[in-house]
Each structure stands twice: as C-alpha cells, then as structure tokens.
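Let's take a look at two chains and the empty space they leave. Have the sequence and the 3D view ready.

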2 protein chains.
Amino acid sequence: VEDRYVAIDMGGTQLRLALADRDLNLCSVVKESTDHSRGPESIVDQVQRMLEEALQESGTEGKALQRGVVASPGPLDTQTGIVHGAPNMPGWEGEVHLRSMLEDRLQIPIQPVNDANVAAVGEFRRGAGRGTRNLVYLTVSTGIGGGVIVEGRLLEGSKGMAGEIGHMTIDMHGPTCNCGNIGCLEVLASGTNIGRRFREALAAGGTSAVTEWLDGRGATAADVARGAAEGDHLASTVWSDCMEALGFGVVNCIHIFNPDMVVLGGGVTNAGDLVFLPVLSVVDRYAMVLPREGVGIVRAELRDNAGLYGAASLAIEAMETL
Amino acid sequence: VEDRYVAIDMGGTQLRLALADRDLNLCSVVKESTDHSRGPESIVDQVQRMLEEALQESGTEGKALQRGVVASPGPLDTQTGIVHGAPNMPGWEGEVHLRSMLEDRLQIPIQPVNDANVAAVGEFRRGAGRGTRNLVYLTVSTGIGGGVIVEGRLLEGSKGMAGEIGHMTIDMHGPTCNCGNIGCLEVLASGTNIGRRFREALAAGGTSAVTEWLDGRGATAADVARGAAEGDHLASTVWSDCMEALGFGVVNCIHIFNPDMVVLGGGVTNAGDLVFLPVLSVVDRYAMVLPREGVGIVRAELRDNAGLYGAASLAIEAMETL
C-alpha cells in the first residue's frame, strides 16, 4: 500500500480536503461549504465524511493514511493544537482543541498549522515560489496573513505563530487594529480596511462617483479598486494610501528577511497592476539597494489550492523528519 | 594539534581578535584601537599582527587554525564577502573585498558576517539567550542593529542581510532615515536619533534643565536619559516618544518571529529601567496575547564580548556543517 497524506484547508467559507502521495500529487480533492451549524463539532464531522468520500473515490485503503495537516483558522498554538477564539469561525468561542478532536476522529496524527503559513508553503513548493530558498508570502484579503520560508523551511517560532506580518505596526500613530495593536499593516491595507477607509472618507464629506453604483450599500475594496481604475479622485486617494502602506510592509519584509522573493496573494491582489505598480514604486524608492536587488515581487499562483498543496507538503515533510 | 578558530570583531572604534577552541572557550583575546590610517588596508595589516600576537601569547601553532569569522561593518553581502560603502569606516568607499583581503593575508577561510548578526549569535550561545531556540536581538546604539536566531540558527537571508530590524518602518509618515527609508525604528529610537530629537525639540523653542549642564555642546542620548531620570519635562517627553517607538519595534518582532526571548543590547540600554519599563509597557499593551506570553524581554549580558563569542561560534558551526 502506497503512503497517502491528508491535506485539509479549513476556511470560514469553504472546507477542502485532499489525499496526496509522497510526490505531492493531489490524488483526490473534495470541497464543501463549511458547516458551522454546531461550531467546531459539525466541522469535524464534515472532515470525517469528506475523508471517507476521498478514500472511496480514489479507492484508497484507510491504512495507507500516514498523517494529516490542517490549514487552520487562528489564533492557533501549534504546540498544543489549540485554537484560541477564532474570530471568523462562528461558535469557536474559547479554546478549541482542534488537533485532539481531529485525531480522535480520524485516527491518524494531525497537525494544525496557521492557514497563511500553510499557503506560504504551498506557493513555495508548487506556486510562484518554486526554486526559491527564502520567501515571504502575504495574503491581502479580509485580513492580511503572512508566512515566511527560511532556507526552505517554514518559519514557525516557538508556538507556530511566526509570520504575523499583517500585525506589524507600520504607522505607530495610526488607527487601532482588530488585534488591539496600533497601525498594523492589516488595519491600513486589508480588503476590509480599504473599504472602511473609503467609507470614512465619504462620511467625512468626500464626494465620489463610486456612490453612483453603490445604490446605498457600503463600498468594498473592489468598489474602491474600480473607482481608482476609473480615475475617481477620492477612490484613487484612498487606494493609493492603502497601497503605500502595503509597499512599506513589503519594504519591511525585505529588510527583515532578505528574501529571494515576495509573493502577494489574496482577493485584493486580483486588482493586478493597481496593486503591484504602487507597491513596487514604494519598494524601489525606499528599500535598501543590496537586499532589494534581485527580489521578485510577484503574484501568488495557486489561489484556492495553496492551502491543500501546503498542507500536503507539510505532512510529507513531517514524515520525512520523523 | 587541537583545532583553533579565529574570532574577529571589526568595530569602527575597537578591533578585537580571539582564538577559540571547539568548546567556545576564548583562549587568547587581543584588543586595539582600530587603525583607519589607510582604510581597509591598515585594518587588515592590524588583524594580521594581532593574530600573530594571539598565536604567540597562547603558544598556538599556525596549523591549528581552521577558519575564522569576522563581525564586519555593513552593508555586507556574505555571499561575495564584499562590504559596500560602510558609513562608519573612514576610507571604505565603494566595494571592499573584505573576505578575499583577509583570506589572502591570513591563509585560512574567513567569513565576514554582519556585526549585529554576530552579536545575536554570541548572546544566544553564551549570553542572555542561552537555552532559547528562537531569539531576537536588538542593539540600540549609534544605530539600531538586529539579529535573529531561528530554531538555533542565525537567520541569514539570501545575501546574509536578514535581521535589519533597525530599518523596519514603524512610522510611515515619520522622518527619513539615513538608509533612505521612512520612519525606520533607527531614525526614531537609536542613540544618535534620541539626541537629534531632543536637540530639535530645543531648537523648536522647548526649554529644559538639561541645557544647564550641556555648556553649549549638543545633547546626546545620555543627556536625554539623565534629564528624563531627573524629571525634566522636555527630556522626558522626547525619551518616552523614543522608547514608545522601540516598544513598537519589539511588538513587531514578537508578531513576526514569535520568539522565546527578545534581547536588547547597545549603549542606550545602559539606562536600564528607563528603557525596559516603557518598552514593556508598550509590549504588554499592544502585543497579541499568545505570542507575547512567556517571552522574556531582557538585557544583553556579554557587552564587548558578544562579537567575539558570536564569531567564534559561527566559525565552529561552519566547520561542523562542512
């Protein structure tokens, strides 16, 4: 029986599960909307059903399963496998013993890992970062998550919480972030916050053609991007302020990690050049010459599958280093 | 003949050299004022003389020497061993091929490593960081240098330039740093900049009892610290602004690296509680609970010898991984 690894991507919207072989081929992928009906319990049930489905679909015997990694919502302590009050998961109040819940149910070793860290590994192994050794990954979405690869290995830190680049202060006199810190990259440049900053600018008396298509609903980052692309003044101002912040975030990553590559993913990066041109402009102006030289600042490639490739890759790695 | 390693700490003021055995005992330490008379050439001459002195003094045969590491001024590319225009070294204009110059002269393999990175290794192996696995070291002195230990190994990055925590933007609307970037930790909180901020506050019309003892000379960080300790209002305000910035720098390190410990060294930390109390206050208020929990924020222990212990340790490590 050939070894198989279980990769699980536990998102607030979608739950994905795959079986992978030792060469990181995904042999069977199952996707469902996340079932929040009974908090973590219903999700663990769902994972078990999806695993059975994947085994059947691919004709894999249960005893082929070696271990699994789950791209998990945070804040997660990887040492204990406990998630502490995940804000995006309804019903996950207090401590959720995700590792032990999954291990009890699936009967194989399971390691939960912060979802942005997992995606970083995915992009490193199979995405934009193939062939690099030192990589910084940022996902600019509802929040801003990060993951760092150092000499080919995920930077974990003492509790598996390293890489929280979204919660790096870049404006110490700026607004308060959801995390309680001041002027984090996330509160200045995440999708949610791009929308918020634009709505605040409107509320402060700004006028914008964007309101014409909003029809009374609140503006989102996509609206601000569209407005900026169409040359609307207020949208352009807010958008460029946010992208400037993101640019300084990338400068910091270059100075702190001296990487080969910075990979930007997440919904906001769908705006393409509208993101990359201003970010590159800040980086080229403000990063130190030597560490900046030769660093690719590129778009993530794997999208939805970054989590599955990353989780499978970490499961295989864990097996190899046992 | 027992193996010996050469540790060199090449500072702008002092040059230090030691021989070390495989167990990281420094067997012979030589110190001199750095000879800048002929730029890098005179320093290399000096290193050669000091090495001969150390060999004689300790009765060591030249053939015992395995390799050396030099804690080098930056900016340094460790891949090439070239220093690119070190601002604190008179006569080091343009490229200085430090590795090849030293190897030609000393006839053993020599690796130059960024001085703050070397000091981080020293504190990790023999100083405040003994027994940790993940450590962030900051030296708050003329500038602010940094070094990071990840799972027991120095974070190098692709050109050995990682750990430039002093050049992390924490106030994107702040003043321009010497490095060209905006609102770096260094331009907000290094010794030189503490003095500058105080002098600017005076020039802007502030009054302070500190001027009484200055006797017309410019105030330094030590003067600001003394004024703050004595309750002078202007000195206290400037000092606490600077320490707040340093606190946000430490918060960022905790979020980015999830370390076991943050070690603060350099001349400014001689002010003791005047540094640590405000820094801890920012950290306890703004860092996320889980990564902050259990992280010691402590003073460096080795002072002048951090560079020698670090350099010796890296030389021994390089031998072991050959």
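## A hole inside

A cavity is a set of points on a 1 Å grid over the protein atoms alone where a 1.4 Å probe fits but cannot get out. Its volume is the space filled by probe spheres set on the points, which are joined across faces, edges and corners. This is a predicted model, so local features need pLDDT of at least 70, side-chain atom pairs need 80 or more, and totals for chains, interfaces and linings use all residues. Residues are numbered from 1 along each chain as written, chains are lettered from A and ligands numbered from 1 in written order, and side-chain values use heavy atoms, without hydrogens and water.

The structure holds one cavity of 30 Å³ or more, and the largest has a volume of about 40 Å³. Among the residues lining it (an atom within 4 Å of a point) are A:Leu155, B:Val148 and B:Phe257. Strands here are DSSP runs of E with at least two residues, numbered from the N terminus. β10(B) gives the largest share of the lining, three residues.

## Two matching chains

How does chain B superpose on chain A? A rotation of 180° with 0.0 Å of shift along its axis does it, with RMSD 0.0 Å, by least squares on C-alpha atoms of residues with pLDDT of at least 70 in both. That is the relation of a two-fold axis.

## A sheet in chain A

Strands pair if DSSP finds at least two bridges between them. Five strands of chain A form an open, mixed sheet, ordered β11-β10-β9-β12-β13. β9(A) and β12(A) run parallel, joined by five bridges; A:Leu135 has A:Met261 as its bridge partner in β12(A).

How values were computed. On a 1 Å grid over the protein atoms alone, a cavity is a set of points where a 1.4 Å probe fits but cannot get out, and a pocket is an open set with protein on both sides within 12 Å along at least five of seven lines; lining residues have an atom within 4 Å of a point. Helices (H or I, at least four residues) and strands (E, at least two) are DSSP runs, numbered from the N terminus.
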